[in-house]
Amino acid sequence: MKMRSNALLFLAASLLQSLHASPIGDLGLQAPLEDLESSHLQASSQRLHGRFLHITDLHPDPYYKIHSSTEEADACHRGKGLAGTYGAETSDCDTPYSLINATFKWIAENVRDVDFVVWTGDSARHDSDELIPRTADEVLSTNRWIVEKFQDIFRQDDSDNGLAIPIVPTFGNNDILPHNILLSGPNRWLKTYTDIWRKFIPEEQRHGFERGGWYYVEVIPNKLAVFSLNTLYFFKNNAAVDGCALRSEPGFEHMEWLRIQLQFMRDRGMKAILTGHVPPARTDSKQLWDETCWQKYTLWLQQYRDVIVGGLYGHMNIDHFMLQDSKQVSLLSEDDLSAESVVRATMDEELTIESANDYLEELREDWSGLPNPSAAIKEAKDDDPTNSKKKGKKDKKKSKRDKALKKIGGPWGERYSLTIVGPSLVPNFFPTLRVFEYNITGLDKTATWASVQSEGRSEMKDWFEEEIFSQDEDEVSIEKKKKKGKKDKKKKKKKPKKPDFVVPLPPSKSSPPGPAYSPQTLTLLGYTQYFANLTNINNDEAIAPDTLELEEQINVDKWQPGKHKGKNPKHKPNPKPFQYQVEYDTFKDPIYKLKDLTVRNYLKLAHRIGQYKPEKGDSIEEVEPETLDDGPDANDHDSSNGSSDEAEADKKKKKHKEKKHHKQHEKNKVWLRFVRRAFVGTLDEEDLRTFDEDEILVPEFREEL
């Protein structure tokens, strides 16, 4: 009996150790506070739900230490400070295991009825601690650990190994070593991730993934594919590659693969969601991608606008969106304005409040010159031929309507494409994740990814067999027709530049607009954004720092110690129950007013954000104060959380926030809401005022090209 009791104790101890094991082996580091009971978390996959999860930038840190210092020299690994139980919000510290475990537990309990998961990379900590440099084993081990988390939640009911839904990962710039640098494949990193993600990458695509790190998954068989792009081959900070123009570059090869697969989707009547880590961010002065990659990508978006549903990315940590303008594609023009003529600086790898301020205001300035889609649509609706008795009046009205619609690319805004950037799980602000909803009208609800796994693998176009450097017959014949049609014209136009790549064909003239433009099956309908208010959950009370530390609260260094700089805890960790709550959802949002996530609705939103003189209904004076707040507690900090100390510190911040002021304060509530959401509600009123008080150079109206 005694021997049996000892054996049971040993077994219990072994199980406890396995539950709290570090993904990197026995490092003697932080033990997760919560873990998953996987036997209770098998996902249901019997039918489509019309929802999917997007999660990005997890950055798990095995060395995170509760109540350590958020200073750069300590990085939440050492010292004494106010690094909370679930993370040090607003700092550059990475994610404690407690937050990872609590997040997956919450997903298992609240977000399991989804059709697929988009996971856009960076599942290793930053290399920000010189005393504990990262190793390849650590980077790969934390990625394996996150894979196990997904598998625990979304495994088949009757299988220990099979998944109930597809998980579509991509790797980020911190998922390799050294960070940012990925050589052309095949290489050991791509080979290793092929093994780590073997249950996620379709078997027939693993060879291609080893070659370049790209693949797609038919998340709804024969209807919808999610593409995982290797954006490190487009990323300007990857010194191992050189853009997408040269045939010898992996970026060129990647774009060719994407073109061929999108054509394959079109031929099969399928649609595609594009996903990746580093988004194609680009303003007048800065960008993240090499310009040649941005040019090709934007051209592909335009030519395959009947196929592409949208683009989802991470990396930048801030909640926002961007529009790609096909009029800025110069690859096919005589006047090449790409990399040679317009030099854009490389955008900061990690956006601070200061650098994000500049970036968001540049976006706003760009959007201030957008054509007004509402006005264009109104012109079209008002154009009723029965109201025009005289032909001249009718023709004049038609000309005005056509000109208005041409500015936005027709009634659906097809001149533009949309990229949505999700905020991160790592608590540089508040940890965040999103659940998207999409239209499944007309689809067979039982035709799921899991239902066809036992029936055989999906098709895939073998792009290696394609002639990627010569145009196909249809493209050649079209070029001949164009030349023939131009012979009779007296006034000859300049010849377009002959590209050194295959230009995809646009949709046929008889094709209806795609799901990114016109509401239809597979159109993205909206999303609900969840966040965890760590200031409230960590429940830490601070000892106020001295005056000198307060004066240095805001710094311009690359490392951000955040709101806890110089503070020490008054008591031992005593966190409240962990939970995510709704920050906002696009379905009931009274400010954004997005009917769905089509390009035309985002064009309207961007136009409204860009107005320095707000449109009617968008002025702060024209809205009730309560509608300016997002979900409950988005900026609510208990007095027990040391808010009195923070209020005293806030008084000292203004010295470091002094900038040139408007003649009057910002009036556009849509812009201020956009900024508040960009930082997931972590900005206090003083921080928000930096966006309110900057000197704004309102651009003159410019005629659209």
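These are my notebook entries on a predicted model of one protein.

**Entry 1: overall counts**

I began with the whole chain. The protein holds 18 helices and 16 strands. I then looked up burial: of its 705 residues, 56% count as buried. The exposed surface comes to about 31800 Å². Carbon and sulfur atoms supply 50% of that surface. I also checked how far contacts reach along the chain. I took the contacts between residues at least 6 apart in sequence, and 82% of these join residues at least 24 apart.

**Entry 2: the sheet with strands 3 and 16**

I traced an open sheet of six strands. Their order is 3-2-1-12-13-16, and the pairing is mixed. Which strands stand at the edges? I found strand 3 (167-169) and strand 16 (581-585) there. Each has a single partner strand, so one side of each lacks a neighbour in the sheet. On average, neighbouring strands here are turned by 25° against each other, direction ignored.

I then followed strand 16 to its partner. Strand 13 (residues 524-531) and strand 16 run antiparallel, and four bridges join them. I noted two of the bridge pairs. Phe 531 has Gln 581 of strand 16 as its partner. Gln 529 is bridged to Tyr 584 of strand 16.

Is strand 16 largely enclosed or largely open? Four of its five residues are buried, so I put it down as largely enclosed by the rest of the structure. I keep the two results side by side: strand 16 has one side without a neighbour in the sheet, yet the rest of the structure largely encloses this strand.

**Entry 3: Leu 524**

I stayed on strand 13, where Leu 524 sits. Its relative accessible area is 5%, so I list Leu 524 as buried. What does Leu 524 contact beyond its neighbours within four places in sequence? I found Phe 52, Val 309, Glu 437, Tyr 438, Asp 596, Leu 597 and Thr 598. For Asp 596 I also looked up the C-alpha distance to Leu 524. The two are 72 residues apart in sequence and 6.6 Å apart in space.

**Entry 4: the sheet with strands 4 and 9**

I traced another open sheet of six strands, in the order 4-5-6-8-11-9. Its pairing is mixed. Strand 4 (215-220) and strand 9 (320-325) are at the edges. Each has a single partner strand, so one side of each is left without a neighbour in the sheet. I read an average turn of 25° between neighbouring strands of this sheet, direction ignored.

Inside the sheet I looked at strand 8 (residues 308-313) and strand 11 (residues 416-421). They run parallel, and three bridges join them. Gly 311 has Thr 419 of strand 11 as its bridge partner.

I also asked what helix 6 (residues 250-268) lies across. I found strand 4, strand 5 (224-228), strand 6 (271-275) and strand 8. Helix 6 runs at about 25° to strand 4.

**Entry 5: helices 15 and 17**

I next took a helix pair. Helix 15 (residues 599-609) packs on helix 17 (residues 669-678) with the axes 7 Å apart. The angle is about 105°. Angles of 65 to 115 degrees count as roughly perpendicular, so I file helix 15 and helix 17 as roughly perpendicular to each other. From helix 15, Leu 605, Arg 608 and Ile 609 make the contact. From helix 17, Val 670, Trp 671 and Phe 674 take part.

**Entry 6: Arg 125**

I moved to a loop residue. Arg 125 is in the loop between strand 2 (117-119) and helix 3 (136-153). Is Arg 125 buried or exposed? I read a relative accessible area of 1%, so Arg 125 is buried.

I looked up the partners of its side chain. The side chain reaches the backbone oxygen of Ile 132 at 2.7 Å. The side chain of Arg 125 also makes a polar contact with the side chain of Glu 138, at 2.5 Å. Leaving aside neighbours within four places in sequence, I listed further contacts of Arg 125, including His 59, Asp 61, Tyr 63, His 77, Asp 94 and Asn 174.

**Entry 7: Glu 361**

I closed with a helix residue. Glu 361 is in helix 8 (residues 353-368). Its relative accessible area is 15%. The cut-off for buried is under 20%, so Glu 361 counts as buried. Thr 283 lies 78 residues away along the chain, and I read 9.9 Å between the C-alpha atoms of Glu 361 and Thr 283.

Conventions: Residues are numbered from 1 along each chain as its sequence is written. This is a predicted model: local features need pLDDT of at least 70, side-chain atom pairs count only at pLDDT 80 or more; totals for chains, interfaces and linings use all residues. Side-chain values use heavy atoms; hydrogens and water are left out. Buried means under 20% relative accessible area, exposed over 50%, partly exposed in between (1.4 Å probe, protein chains only). A polar contact is a pair of N or O atoms within 3.5 Å; within protein, one must be able to donate a hydrogen and the other to accept it, and residues adjacent in sequence count only if both atoms are side-chain atoms. Contact means heavy atoms within 4.5 Å. Two strands pair if DSSP finds at least two bridges between them. Axes are lines fitted to C-alpha atoms, for helices over the stretch in contact, and angles run from 0 to 180 degrees between N-to-C directions. Accessible areas come from the Shrake-Rupley method with a 1.4 Å probe; for residues, only the protein chains shown count as cover. Angles under 35 degrees count as roughly parallel, over 145 as roughly antiparallel, 65 to 115 as roughly perpendicular and the rest as oblique.
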